[in-house]
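Please examine the sequence and the structure shown below. The explanation that follows proceeds from individual residues to the packing of helices.

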Amino acid sequence: MDREALRARIWKDLDSLRAPEGYLKAGAPRYSTLFGRDSLIASWQLLSYDPSIAAATLRVLASYQGRRVNRRSEEEPGKILHEHRFDRESRSELPDWKFPYYGSVDSTPLFLIVAQKYVEATGDRRLLNALWPSLVAADGWMSTFADADGDGYVRDFWMADARYYALALDGKKRVRRAVTSNPGHLLLAGVVPEERVAHLARRLFRDDLWTPFGVRTHSSSEPDFNPLGYHTGTVWPHDNWFLWRGLRAVGRGGDARKVRDAMLRAYEALGKIPELYAVVDGEIVDLSRGHSTTRANPLQAWSLGTLFDMLSTDDTPASP
């Protein structure tokens, strides 16, 4: 299938996830609703093709922005929701949750990032002005509720011996040394010192993370690695989108093409680009076919957006 035919097919799948309000639902058949992180990332991926999706996503998320403290829903002033379920039947699947549910640390910064990207791409000052109180509130959440101990501390994850960034810090700010794909997202954020870029990029392509069908979320050398595990060894296309964009942003076009080609290889093998999939002994495993260990959506907005953006972008390295 040629590039334009493939783009048209993917766009048809994406359009099937569009809500009447214009944002993209996270997936189908599960998660067919508004998500903060998923909907924002998908709108970012499609920004150069259809910026109306980002505008609609920003508007609807602003309308549900947190205004009070509610421990059950994890709502806090300025916080952007993680997930909203509008009907009683789907809410009954999670009876202990209160909707909208706000249990996400990254929806709020993504709201600010996508707003910036949208205005840069479109020059739409009218929407910027309309959203300004919500943007200020989101920024306020990040400097208050998101910084519980008030020390203003953000990032110290570099592991000098491994020449790589750690996964996280625990509650006592001790380094969690697991090797994962997450640090690759820092390339797109533009915060990696120049002398560390090559080490970080090369680490993504070692055999414990790299597969013929993309970068795993979790290193096969870690004791809790599971190639079929939801976040402990499967391959997520949207995760690879961040790596692809980041590698292009730091001028590593050859490495970016390897990631793009891996996503195309996965699509050709599966006939679709699902929420996630596994790679076992070099072979791709379709987890959207009712696998007993992990279930994956056959349609997921940010996975479809991954391949659509890759097919819509030339090979010239670009700024983030």
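Which residues does R203 touch, if those up to four places away in sequence are not counted? In this predicted model, the residues in question are Y164, V179, D208 and L209. R203 belongs to helix 8. With a relative accessibility of 8%, R203 falls under the limit of 20% and therefore counts as buried. The C-alpha atom of R203 is 9.3 Å from that of A162, although 41 residues separate R203 and A162 in sequence.

The contact with D208 leads out of the helix. D208 is located in the loop that runs between helix 8 (194-204) and strand 8 (210-211). This aspartate is also buried, because its relative accessible area is 10%, under the cut-off of 20%. When residues up to four places away in sequence are set aside, D208 touches V179, R203, R216, H218, S219, S220 and S221. V179 is thus among the residues touched by D208, and V179 is likewise among those touched by R203.

Another loop residue may be read in a similar way. G184 is placed in the loop between strand 7 (175-176) and helix 7 (186-189). Its relative accessibility is 0%, so G184 counts as buried. Beyond its neighbours within four places in sequence, G184 is in contact with Y164, L200, L204 and L243. Y164 also appears among the residues that R203 touches. In space, G184 and N240 have C-alpha atoms separated by 9.0 Å, while their positions lie 56 residues apart along the chain.

The next topic is the nonpolar interior. The largest nonpolar core comprises 87 residues, and those with the most contacts inside it are I10, F111 and Y277. Helix 10 supplies the largest share of this core, namely eight residues. For Y277, the residues touched, apart from those up to four places away in sequence, are F213, T234, V235, P237, M263, A266, L270, I284, V285 and L287.

Helix 10 also takes part in two helix-helix packings. The first to be considered pairs helix 10 (residues 253-270) with helix 11 (residues 301-312): their axes are 10 Å apart, and the packing angle is about 125 degrees. Helix 10 and helix 11 are therefore oblique to each other, since the angle lies between the limit of 115 degrees for roughly perpendicular and that of 145 degrees for roughly antiparallel. Their crossing is left-handed. Helix 10 contributes V259, R260, M263, L264 and Y267 to the contact, and helix 11 contributes T306, L307, M310 and L311. Sorted by class, the contact of helix 10 with helix 11 contains seven nonpolar residues, one polar residue and one charged residue.

The other packing joins helix 10 to helix 1 (residues 3-15). The axes of helix 1 and helix 10 come within 14 Å and cross at roughly 70 degrees. Helix 1 and helix 10 are therefore roughly perpendicular to each other, as the range for that term is 65 to 115 degrees. This crossing, too, is left-handed. On the side of helix 1 the contact is formed by R3, L6, R9 and I10, and on the side of helix 10 by R260, L264 and Y267. By class, the contact of helix 1 with helix 10 has four nonpolar, no polar and three charged residues. R260, L264 and Y267 are also among the helix 10 residues in the contact with helix 11, and I10 of helix 1 is one of the residues with the most contacts inside the largest nonpolar core.

Several features of backbone geometry remain. A28 and P29 are joined by a cis peptide bond with omega about 5 degrees. P29 lies in the loop between strand 1 (27-28) and strand 2 (34-35). A cis peptide bond also joins F99 and P100, where omega is about -5 degrees, and P100 is in the loop between helix 4 (88-91) and helix 5 (107-122).

Positive phi values occur at two residues other than glycine, E74 and D281. For E74, phi is near 65 degrees, and the residue is found in the loop between helix 3 (51-63) and strand 3 (83-84). E74 is partly exposed, because its relative accessible area is 35%. For D281, phi is about 55 degrees, and its place is the loop between strand 10 (278-280) and strand 11 (283-285). D281 has a relative accessible area of 77% and is therefore exposed, the cut-off for that term being over 50%.

Definitions and conventions
Residues are numbered from 1 along each chain as its sequence is written. This is a predicted model: local features need pLDDT of at least 70, side-chain atom pairs count only at pLDDT 80 or more; totals for chains, interfaces and linings use all residues. Side-chain values use heavy atoms; hydrogens and water are left out. Axes are lines fitted to C-alpha atoms, for helices over the stretch in contact, and angles run from 0 to 180 degrees between N-to-C directions. Helices (H or I, at least four residues) and strands (E, at least two) are DSSP runs, numbered from the N terminus. Angles under 35 degrees count as roughly parallel, over 145 as roughly antiparallel, 65 to 115 as roughly perpendicular and the rest as oblique. A crossing is left-handed if the near helix is turned anticlockwise from the far one by less than a right angle, and right-handed if clockwise. Contact means heavy atoms within 4.5 Å. Ala, Val, Leu, Ile, Met, Phe, Trp, Tyr, Cys and Pro count as nonpolar, Asp, Glu, Lys and Arg as charged, and the others, Gly among them, as polar. Buried means under 20% relative accessible area, exposed over 50%, partly exposed in between (1.4 Å probe, protein chains only). A nonpolar core is a set of buried Ala, Val, Leu, Ile, Met, Phe, Trp, Tyr and Cys residues joined through side-chain atoms within 4.5 Å.
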